[in-house]
Amino acid sequence: MKIFDAATTAAALPFDRLVPALRDMFARGCEVPARHVHEVAVPGGEPFTSLIMPAWVPGRYYGIKTINIAPGNARRGLPGLHAVYTLFDGVTGVPLAVMDGDAITHRRTAAASALAAAWLAREDARHLLVVGAGQVARLLPHAYRAVRGIERVSVWARDLDKAEALAAQWRSEGLPASAASGLQVACSEADIVACATLATEPVVRGAWLKPGTHLDLIGSFMPAMREADDECFMGASLYLDTEEGLKKSGELLGPMARGVFGPADVKGTLATLSRGEARGRNAPEERTVFKSVGNALEDLAAGILVHEAGAAAAN
């Protein structure tokens, strides 16, 4: 059984390989049962939540991601989320590899956004605005550059110092990046607006978006979370990573409850786009919205890529 630390896991997942790997997995599909959620008691302390996310390609690979979420870790000076990915042989059940689950989660999340943009962002989209400055946000320009000719990157965060620091990091990596002090102006100028925050109230407003904008909403993966107001969805074409988002994301549950749109208004998912059953963008002036909540299929595609890259290197 091989062990891949964070750096090795990330190195095996360049976006020019990960984005096509996700497309291929969404096109052919795999088995993805419901995730398990457990509360783990801590005597004398705050419990933590453990999520177990399995997926498998029959006869090939079986993978499980375990994510532990411990809000109390902030007081300990530790990150609140830790994940491990374990990959097994799909016939014998023999363990093949253990990988850094955080690196897999961050990179497959950014890659899913880029995959959607391959169909939904304008071909001539050049200006990317990233809203947020966390681990996923810092990967988004690199992911989007795998599918679009991004020439300008802006970043906005509630803490301007964090936005400035992230822009400086991107410049050191060869990206033409700058921090935006005003979100409304930044949204009105961007061709693609990608949000990766933990917001519980709308950050981006539809009135700020110009015709033809592609809006990518990553952060709202629980009912209490939201990044965009109702107007972002009005008159826009809505796509999802999977239909699971209709049950989990406050981004979608709230507007649906208010009658802004219904499940039948969803134009497609990454599976229907990958199989050619959904078309994607129809016109340059069309506004598009992509909402993701994450799926074990994406973890499995990434885990297979890491394992097979390691096997190829060993040979």
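**View 1. Helix 6 lies across three strands of the sheet.** Helix 6 (residues 160–172) sits across strand 7 (127–131), strand 8 (152–156) and strand 9, and it runs at about 170° to strand 9. Contact here means heavy atoms within 4.5 Å. Angles run from 0 to 180 degrees between N-to-C directions, with axes fitted to C-alpha atoms, for helices over the stretch in contact. Helices (H or I, at least four residues) and strands (E, at least two) are DSSP runs, numbered from the N terminus. This is a predicted model, where local features need pLDDT of at least 70 and side-chain atom pairs count only at pLDDT 80 or more, while totals for chains, interfaces and linings use all residues. Residues are numbered from 1 along each chain as its sequence is written, and side-chain values use heavy atoms, leaving out hydrogens and water.

**View 2. Here's the open sheet, built from eight strands.** Follow the strands in the order 9-8-7-10-11-14-12-13, with parallel pairing. At the edges are strand 9 (177–179) and strand 13 (266–269), each pairing on one side only. From one strand to the next, the twist averages 20°. Strands count as paired if DSSP finds at least two bridges between them. Zoom in on strand 10 (residues 192–195) and strand 11, and you'll find four bridges in the parallel sense. Val193 has Leu215 of strand 11 as its bridge partner.

**View 3. Helix 4 lies across another set of strands.** Helix 4 (residues 101–120) crosses strand 11, strand 12 and strand 14 (288–291), running at about 155° to strand 14.

**View 4. Asp299 and Lys65 form a salt bridge.** The closest N and O atoms are 3.0 Å apart; a salt bridge is a side-chain nitrogen of Lys or Arg within 4 Å of a carboxyl oxygen of Asp or Glu. Asp299 belongs to helix 11 (residues 296–314) and Lys65 to strand 4 (residues 61–69), 234 residues apart. Both are buried, where buried means under 20% relative accessible area, exposed over 50% and partly exposed in between (1.4 Å probe, protein chains only). Lys65 and Asp299 also join Arg108 and Glu298 in a network of salt bridges.

**View 5. Glu151 meets Arg126 in another salt bridge.** Their N-to-O distance is 3.7 Å. Glu151 is in the loop between helix 5 (140–144) and strand 8, and Arg126 is in the loop between helix 4 and strand 7, so the pair ties together parts that are 25 residues apart in sequence. Glu151 counts as exposed because its relative accessibility is 54%, whereas Arg126, at 30%, is partly exposed.
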